[in-house]
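Student: Hi! I've got a new structure to look at today. Could you walk me through it?
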Amino acid sequence: MQIQTEFLQHCGEPIQVEGYILAPGDVLELRMLHSSAQPLGGSLEILSDGTASLALIGSAKLSGLTLSQAERWLTQLYKQVLLRPELTLRIVRMSPCLRRG
């Protein structure tokens with residue numbers, strides 16, 4: 001069985017999604033898998049301080065984490081307010097490239 005790795009283009013370079021470190025300016029899609037929690041999902045933008053605003057939770061620091069680390073962190077946070085939080089995160093847009101010159 002061959003494992004496929006997902007790649008995205010960032011600043012003209014291919015990067016492996018799993019290895020990408022979240023940063024301010026990134027936009028994520030939070031999807032809650034249980035039907036009763038679906039309204040809590042939606043678009044999340046990582047702000048300049050590295051946090052994103054989450055329904056029922058407030059702010060949570062996501063910058064510096066990989067996508068899977070952020071999923072585990074948000075699951076932990078939502079366990080405080082939901083019985084069985086099941087969620088996925090997807091990168092919708094990566095932070096803008098910094099141009100030097």
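Tutor: Happy to. Among contacts in the protein between residues at least 6 apart in sequence, 49% join residues at least 24 apart. Keep in mind that this is a predicted model.

Student: Okay, and what does the secondary structure come to?
Tutor: The protein has 1 helix and 7 strands. Starting at the N terminus, the order of elements is β-β-β-β-β-β-α-β.

Student: How much of the protein counts as buried?
Tutor: Of its 101 residues, 34% are classed as buried. The protein exposes about 6,900 Å², and carbon and sulfur atoms supply 52% of that area.

Student: Let's talk sheets. Which strand order does the open sheet have?
Tutor: The open sheet has 3 strands in the order β4-β3-β7, and the pairing is antiparallel. Its edge strands are β4 (42–45) and β7 (87–93), each of which pairs on one side only. On average, neighbouring strands of this sheet are turned by 30° against each other, with direction ignored.

Student: Remind me, how do strands of a sheet pair?
Tutor: Through backbone hydrogen bonds, and the arrangement can be parallel or antiparallel.

Student: So how many bridges join β3 to β4?
Tutor: There are 4 bridges between strand β3 (residues 27–32) and β4. Looking at individual positions, Leu28 is opposite Leu44 in β4, while Leu30 is opposite Gly42 in β4.

Student: And how many join β3 to β7?
Tutor: That antiparallel pair is joined by 6 bridges. One position to look at is Glu29, whose bridge partner in β7 is Arg90.

Student: Glu and Arg, nice. Which residues meet in a salt bridge?
Tutor: That very pair: the side chains of Arg90 and Glu29 form a salt bridge, at 2.9 Å from N to O. The structure holds 1 salt bridge.

Student: What does the pair tie together?
Tutor: Arg90 belongs to strand β7 and Glu29 to strand β3, so the pair ties together parts that are 61 residues apart in sequence.

Student: How exposed are the two, in relative accessible area?
Tutor: Arg90 is partly exposed, with a relative accessible area of 47%. Glu29 is partly exposed too, and its value is 30%.

Student: Switching to the helix: where does α1 lie?
Tutor: Helix α1 (residues 67–78) lies across β3, β4 and β7, and runs at about 135° to β7.

Student: Any residue in the helix you'd point me to?
Tutor: Try Thr75, which sits in helix α1. Its side chain reaches the backbone oxygen of Glu71 at 2.8 Å.

Student: Which residues is Thr75 in contact with, leaving aside its neighbours within four places in sequence?
Tutor: Those are Pro85 and Leu87. Leu87 falls in the range of β7 (87–93), one of the edge strands.

Student: There's another threonine I was curious about. Where is Thr66 found?
Tutor: Thr66 is in the loop between β6 (58–61) and α1.

Student: Is that threonine buried or exposed?
Tutor: Thr66 is buried, because its relative accessible area is 12% and the cut-off for buried is under 20%.

Student: What does Thr66 touch?
Tutor: Not counting residues up to four places away in sequence, Thr66 touches Glu18, Tyr20, Ile21 and Leu22.

Student: Great. Could you leave me with a quick recap of the sheet and helix?
Tutor: Sure. β3 stands between β4 and β7 in the open sheet, and α1 lies across those three strands. The salt bridge to look for is the one between Arg90 and Glu29.

Definitions and conventions. Residues numbered from 1 in each chain as written. Predicted model: local features only at pLDDT ≥ 70, side-chain atom pairs only at ≥ 80, totals over all residues. Heavy atoms only, no water. Pairing = 2+ DSSP bridges. Helix = DSSP H or I, 4+ residues; strand = E, 2+ residues; numbered from the N terminus. Axes fitted to C-alpha atoms, helices over the stretch in contact; angles between N-to-C directions. Contact = heavy atoms within 4.5 Å. Salt bridge = Lys/Arg side-chain N within 4 Å of Asp/Glu carboxyl O. Buried < 20%, exposed > 50% of the residue type's maximum accessible area, 1.4 Å probe, protein only. Areas by Shrake-Rupley, 256 points an atom, 1.4 Å probe, with all protein chains shown as cover. Polar contact = N/O pair within 3.5 Å; in protein donor to acceptor, adjacent residues only side chain to side chain.
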